[in-house]
Structure formats: C-alpha cells, structure tokens
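Work through the following exercises with the sequence and the model side by side, and try each task before reading its solution.

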Amino acid sequence: MTRILVAGGLGFIGSHLVDRLLQRSDLDECLVVDNLWTGSEENLAHVQDSRVRILVGDIEQAPIVGKFDEIYHLASPASPPWYMTQPLRTISANVIGAMRLLGLLAPGGQVAYTSTSEVYGDPLVSPQPESYRGSVDCTGPRAAYDESKRCVEAMLFEAHRVMGVRIKVVRLFNVFGPRTRADDGRAVSNFVTQALRGLPLTVYGDGSQSRSWGYIDDIVEGLARYFWRDGCDYPGPLNVGNDREISVLEVAKYIQKRFPERPIVHLPPAPQDPTNRRPDLTINRRMIPGWDCAVCYEEGVDRTIDWFRAELAKQPAPLLAPAPVLAPLDIVTPAALVPAAAEKPLAPVSAAIAGGAEAPSGAQLDL
Ligand code: UDP
C-alpha cells in the first residue's frame with residue numbers, strides 16, 4: 001500500500017506533479033493538501049481518480065491522519081510579489097510545513113522538496129553548480145523566500161545525516177507554462193497576460209538581468225525521473241532547469257513580436273533583483289542521464305500564450321497580481337539601472353568558491 005502526500009498539489013508545479021504521480025500503477029493513495037493561497041482547485045479539476053483526495057488547509061496544521069511513504073513538499077508561493085506581500089506566511093509554509101511533513105513520514109519513506117535557484121541569491125559564479133554557496137542577503141526583500149528554502153534544505157540534510165531519512169532536494173530555475181495564475185506576477189506569465197489584455201509589457205530595470213527559463217513539461221519530467229522513476233537514491237541538491245540563459249528584455253521582445261502593437265515600458269528595478277541565473281547541470285547529467293529541456297523558451301512561450309488566451313476568455317474580470325515591490329523612483333538613475341555585478345566579469349566557479357567572493361560594490365543601490 002503506497003501512500004503519497006503532495007503539499008501544494010493544487011499549485012502550478014504541484015498539480016503537474018500529481019498528474020505524473022497518477023500515472024504510477026504502484027500508487028494506492030494520493031493526498032493533496034493545499035490552502036489555495038496561490039493554488040487553485042481548477043488545476044486538478046480534470047482528475048477523475050479514486051486514489052486522489054484533496055484536503056484544503058494549511059500544511060502546518062491541516063488534519064492529516066496516518067503516515068506516508070512518499071511526501072512531496074511544494075507548499076510555497078514562488079512569485080516575488082506574492083511572497084513579498086506575505087513573507088512570514090511564506091516562511092511558515094516552507095519551514096513549519098517541512099517540520100510537520102517530516103513527522104508524517106513513514107519509517108523508510110522518502111521526502112522530496114522543491115527548493116530553488118534563489119538559494120544562490122545574486123550569483124557571483126556562472127553557471128551555478130550545487131556546490132556554490134550563494135550570495136544571499138538574509139535581511140533583504142527576498143529573504144523570506146530564499147532563507148526559508150535554505151532552512152528547509154538544512155533541515156532535510158540534517159534529517160538525512162543524523163537520522164538517515166531518505167530525502168530528495170531539487171533546485172528549480174524559473175519554471176513557466178500552463179497553470180500559472182493569471183495574476184501570478186512572474187515575468188513570462190505577466191508579459192503574456194499583459195499582452196493578451198492590451199497592456200504594455202512591464203520590464204523592471206533595463207531588462208539585462210537574465211534567467212534560465214524552463215518549460216513546465218520538461219521540468220516535471222525531470223522531477224518524475226529523479227524523485228521516483230529512475231530509482232536514483234542521490235539526496236541532492238540537484239539543479240533542475242534549462243541551461244540556456246536569456247535576458248528578461250529578450251523574453252519581453254519575443255512576446256512583443258507576437259503582439260507588435262504592445263509597447264515595452266521600463267519600470268524601476270526590483271530591489272536586489274538577481275543579475276543572472278543559470279544551472280550547472282553536470283550532476284544532473286549523471287543522475288538523470290539524457291534528461292534535457294526539449295522545449296525551447298520560444299516554443300514554451302507560444303504554448304503558454306495559447307493556454308492563457310483560453311484561460312482569460314473564461315474569466316469574467318481580470319485578476320491583477322499583487323503590486324511588485326520596486327525600488328523607489330528617486331534612486332533610479334542610469335547607473336542604478338545597470339546592476340554593478342554585471343559590469344565585472346563573473347568569477348570562474350572554482351575561484352569564487354575557493355575565494356569566498358564578495359558582494360558587488362554597488363549592491364547598496366538596490367536597497
Ligand atoms: N520581471 C520583469 N517584469 C515583470 C515581472 C518580472 O521585468 O513584469 C523581471 C524580474 O525583475 C526578474 C525577472 O523578470 O528580473 C524574473 O522575475 P520572476 O518574478 O519571473 O522570477 P525571479 O527570478 O525574480 O524569482
């Protein structure tokens with residue numbers, strides 16, 4: 001009897017993971033726990049499977065009975081405007097949620113956690129290997145998310161080291177695609193919904209900051225292989241993402257090509273917005289050989305546009321994302337628009353890890 005619990009299973013990534021889990025013939029029961037903060041019942045409305053039960057409530061205290069053989073912890077907002085609006089709740093969902101979930105694990109069971117490339121902060125090495133310890137401000141505006149993800153990593157690795165708990169920790173890089181909320185506020189979904197609603201595309205700062213955009217189907221395929229399908233027992237952390245790095249402005253311009261009448265407007269930069277992000281996939285290639293992001297971002301964006309077009313047609317009133325936290329206008333000078341870290345070449349990985357690279361000199365501009 002295999003019992004599985006998915007915390008955050010009505011969310012964007014969580015619901016795709018549940019779809020994959022339901023393809024397993026060895027699965028007897030799948031309990032989805034979600035408080036609908038950023039998730040939606042709509043995301044699993046298509047599921048007609050008697051093995052699934054949905055419990056709406058906070059993972060920290062929902063009335064959950066019994067122990068589980070596999071636990072997947074995805075109960076957290078991942079969009080900056082959402083987690084910045086409720087930072088303490090974000091910390092609680094991740095950290096107290098993980099503590100609770102550890103207590104629900106059956107002896108010999110496995111707990112898996114979707115951590116994030118945010119643990120690398122504003123990275124001073126590129127690409128980022130899992131051994132890179134990151135450049136994170138624990139009192140900054142992204143800290144509730146970054147540090148709670150780091151804390152749960154610490155919790156799980158200690159549970160593994162001290163108590164032998166079987167764990168799997170992945171670090172995800174900017175996942176996008178269908179089932180993102182229309183009011184999510186992250187770059188791809190924001191640009192697409194803005195374009196579909198006839199609004200300008202809002203680029204924060206000059207748009208030279210880059211990310212590695214992973215299409216949901218590819219990412220979930222990587223998760224399924226690592227978490228259960230390949231029989232891998234590596235605890236992680238494991239980078240899972242697309243290693244093609246693209247600037248935010250380039251993404252906006254690609255979407256603008258599909259909607260030529262929409263202008264791109266530049267708003268103040270988001271505070272402490274990381275300048276770059278790209279996964280080093282060396283360990284990933286060893287653990288899940290042959291896995292790759294097969295869907296390029298252009299194709300992924302096209303599919304996302306099609307999906308949002310159909311979704312928005314169903315919605316009577318447009319939902320707006322929480323207002324993004326942006327730098328005050330009076331510090332937006334041309335110099336502030338060019339992040340200081342981008343002016344100097346990134347240190348080679350080995351040098352930066354060995355030398356403990358320091359924060360970029362202009363970092364105070366972001367405060
Ligand atoms: N971004 C933007 N306009 C938007 C939303 C996001 O320019 O409407 C930028 C954001 O400042 C960041 C990048 O896009 O540099 C990715 O942001 P996202 O919120 O998708 O994820 P993050 O990597 O910051 O967690």
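**Exercise 1. Sort the residues of the shell around the ligand into nonpolar, polar and charged, and find which of them come nearest.**

Solution. The shell divides into six nonpolar, five polar and three charged residues, where Ala, Val, Leu, Ile, Met, Phe, Trp, Tyr, Cys and Pro count as nonpolar, Asp, Glu, Lys and Arg as charged, and the others, Gly among them, as polar. This is a predicted model, in which local features need pLDDT of at least 70 and side-chain atom pairs count only at pLDDT 80 or more, while totals for chains, interfaces and linings use all residues. Residues are numbered from 1 along each chain as its sequence is written. Of the 14 residues around the ligand, those that come nearest are Arg186, Ala187, Asn190, Tyr204 and Ala270 (a residue is near if its C-beta atom, placed from the backbone, lies within 6 Å of the molecule).

**Exercise 2. Describe the largest nonpolar core.**

Solution. Such a core is a set of buried Ala, Val, Leu, Ile, Met, Phe, Trp, Tyr and Cys residues joined through C-beta atoms within 7 Å, and buried means that 20 or more other C-beta atoms lie within 10 Å of a residue's own. The largest one has 81 residues, and Leu5, Val6, Ala7, Leu17, Val111 and Phe191 are those with the most contacts inside it. A second, separate core of five residues includes Val119, Tyr120, Val125 and Tyr132.

**Exercise 3. What share of the chain do buried residues make up?**

Solution. Of the 367 residues in the chain, 48% are buried.

**Exercise 4. Which residues does valine 6 contact, leaving aside its neighbours within four places in sequence?**

Solution. With contact taken as C-beta atoms, placed from the backbone, within 7 Å, valine 6 meets Gly14, Leu17, Val18, Cys30, Val32, Tyr72 and Leu74.

How values were computed:
Buried ≥ 20, exposed ≤ 12 C-beta atoms within 10 Å, placed from the backbone. Contact = placed C-beta atoms within 7 Å.
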